[in-house]
Amino acid sequence: MNELEFVTQHRRHLHQHPELSLQEFETTEYIKQFLDDLNITYDCPLETGVIAYLEGNGSHTLAFRADIDALPIFEENEVPYRSQTDNVMHACGHDGHTTALMLFVKRCKDLADKGELPQNVVFIFQPAEETGGGANRLIKAGAFDKYPIEAVFGIHVNPFTDEGGAVIRDEEITASATEYRFYFNGLSSHVADKEQGHSCGEALQHALIQIAQIQQFHLNGLKRNIVHIGHFEAGEAINTVPSNGYLEGTIRTYDIDDLTTVKQQMIKIAESVKLLFNVDCEVKFAEGYPPTMNSPKLRAQVEQALTEADLKVIDKPTPFLFGEDFSFYGQQLAPAYFVFMGTRNKDKGFVTGLHTSHLNFDEHVLIDVANYYENILKNYKEV
């Protein structure tokens with residue numbers, strides 16, 4: 001089996017059998033069987049996911065990560081390998097990330113068998129990137145305590161960049177992702193005596209307007225931020241004053257000061273609801289993923305490895321505004337670098353975005369990923 005056959009077979013099997021975050025049991029077994037066949041040592045610190053290890057000839061230990069979970073999306077691609085699970089799909093390309101790492105594992109094992117593996121390598125098949133913060137869970141579970149990891153590398157498929165391109169950026173490359181939720185508690189009354197009630201509908205209207213104005217009036221207009229309202233509701237019956245309400249959304253920013261400003265304004269909005277409408281209002285925040293920070297110290301090695309893999313290096317002037325839990329590795333484990341690999345191919349119709357029901361790509365790009373990883377490993381210099 002040549003490498004294109006290898007990545008095609010494994011990627012399409014994974015694509016047909018997607019599993020949601022923290023439910024990747026079959027995927028984990030598939031990876032374990034692959035590692036068993038190669039006689040590679042591995043651990044399972046969590047119920048799903050796998051950490052594998054190969055000892056090399058050098059003193060450095062590098063980690064390479066792939067995420068393995070899928071999304072609750074119904075696939076609309078009419079292909080023989082479409083998802084066999086209704087409403088679950090690898091719509092973010094994690095099947096490709098996993099397959100590329102599997103190919104790299106196979107290459108590393110071949111090198112190790114010949115006594116030519118240049119450094120120690122940790123292979124991270126990580127669960128729960130989409131929801132659950134699998135990277136953070138692994139770190140907190142002590143999954144890497146026995147490995148003196150010096151650097152962590154990862155990739156993400158990128159349908160907005162043509163095949164053969166690789167998008168990089170030092171420092172922030174993805175945004176922080178924070179969820180917010182407003183809870184309203186008023187006083188119901190019959191519509192005939194509406195003035196006797198304290199309307200959560202009125203309070204909710206106020207909050208919606210004020211939240212929508214945070215970006216306009218309180219954040220630097222030259223910076224890219226998202227203050228998104230995702231869902232809201234209020235009321236119980238058609239002829240009563242609403243006594244309860246709810247509003248939720250997400251904040252995406254790569255500047256921690258901007259995130260602080262947004263949260264402070266939301267707290268003020270909640271306080272103003274009580275003053276204006278006599279409705280109790282509480283806002284709660286669920287801290288998500290921090291910004292993914294690429295270590296400038298690794299930049300030269302990354303750029304060299306991409307160039308040697310015949311990939312065009314594209315420097316992104318501003319970060320992406322979605323969240324990515326690879327951020328935890330750079331924050332808590334070791335210097336890290338995250339690259340976006342182009343998969344766009346207009347001729348083949350591979351143009352739809354991430355988290356869409358038509359996401360697809362040509363498997364040959366996964367060989368480019370393995371080439372990049374191998375170049376990093378062979379040329380690594382301590383930073």
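**Close-up views of a predicted model**

**Figure 1. Surroundings of C92.** Not counting residues up to four places away in sequence, C92 touches L71, H97, E130, H156, V157, L354, H355 and L359. The model shown here, as in every view below, is predicted. C92 is placed in the loop between β3 (61-67) and α3 (94-113). With a relative accessible area of 6%, C92 is buried, since the cut-off for that class is under 20%.

**Figure 2. The residues annotated as a binding site.** In an unreviewed entry, UniProt lists C92, H94, E130, H156 and H355 under "binding site". These residues are spread over 264 residues of sequence, yet they cluster in space, the largest C-alpha distance being 12.9 Å. Of the annotated residues, C92, E130, H156 and H355 are included in the lining of the largest pocket.

**Figure 3. H355 and its contacts.** H355 is found in the loop between β14 (336-344) and α10 (364-379). Its relative accessible area of 40% makes H355 partly exposed, whereas C92 is buried. Leaving aside neighbours within four places in sequence, H355 is in contact with L71, I73, A91, C92 and E130. Two of these partners, C92 and E130, also appear with H355 in the UniProt "binding site" list of the unreviewed entry.

**Figure 4. Positive phi at A128.** In the loop between β4 (120-126) and α4 (134-140) lies A128. The phi angle of A128 is near 55°, a positive value in a residue other than glycine. Most residues other than glycine have a negative phi. A128 has a relative accessibility of 0% and therefore counts as buried.

**Figure 5. Positive phi at N278.** N278, also a residue other than glycine, has a positive phi near 55°. The loop that holds N278 runs between α7 (256-277) and β11 (280-289). A relative accessible area of 37% places N278 in the partly exposed class, while A128 is buried.

**Figure 6. The annotated dimerisation domain.** Residues 178-273 are covered by the UniProt annotation "domain: Peptidase M20 dimerisation", taken from an unreviewed entry. The end C-alpha atoms of this span lie 22 Å apart. Helix accounts for 38% of the span and strand for 28%.

**Figure 7. L204 in helix α5.** Helix α5 (residues 200-212) contains L204, which is buried with a relative accessible area of 6%. Apart from neighbours within four places in sequence, the contacts of L204 are F184, F232, E233, A234, Y246 and L247. L204 and F232 are 28 residues apart along the chain, and their C-alpha atoms are separated by 8.2 Å.

**Figure 8. A salt bridge between helices α10 and α3.** Side chains of opposite charge can pair when their charged atoms come close. The salt bridges of the model number 23. In one of them, the side chains of E374 and R107 meet at 2.7 Å, N to O. This pair links distant parts of the chain, with E374 in helix α10 and R107 in helix α3, 267 residues apart. E374 counts as buried at 14% relative accessibility, and R107 is buried with a relative accessible area of 11%.

**Figure 9. The salt bridge of R169 and E172.** The side chains of R169 and E172 meet in a salt bridge at 3.9 Å, N to O. Both R169 and E172 are buried.

**Figure 10. A salt bridge between strands β8 and β10, and a network of charged residues.** R181 forms a salt bridge with E248, in which the closest N and O atoms are 3.5 Å apart. Because R181 lies in strand β8 (residues 176-185) and E248 in strand β10 (residues 244-253), the pair ties together parts that are 67 residues apart in sequence. R181 counts as partly exposed at 23% relative accessibility, and E248 is likewise partly exposed at 24%. Elsewhere, salt bridges that share partners join E3, R107, E374 and K378 into one network. Among the members of that network are R107 and E374, the pair whose side chains meet in a salt bridge at 2.7 Å, N to O.

How values were computed:
Residues numbered from 1 in each chain as written. Predicted model: local features only at pLDDT ≥ 70, side-chain atom pairs only at ≥ 80, totals over all residues. Heavy atoms only, no water. Helix = DSSP H or I, 4+ residues; strand = E, 2+ residues; numbered from the N terminus. Buried < 20%, exposed > 50% of the residue type's maximum accessible area, 1.4 Å probe, protein only. UniProt positions renumbered as here; feature names shortened; annotations may be inferred. Contact = heavy atoms within 4.5 Å. 1 Å grid on protein atoms, 1.4 Å probe; cavity = no way out; pocket = protein on both sides within 12 Å on 5 of 7 lines; lining within 4 Å. Salt bridge = Lys/Arg side-chain N within 4 Å of Asp/Glu carboxyl O.
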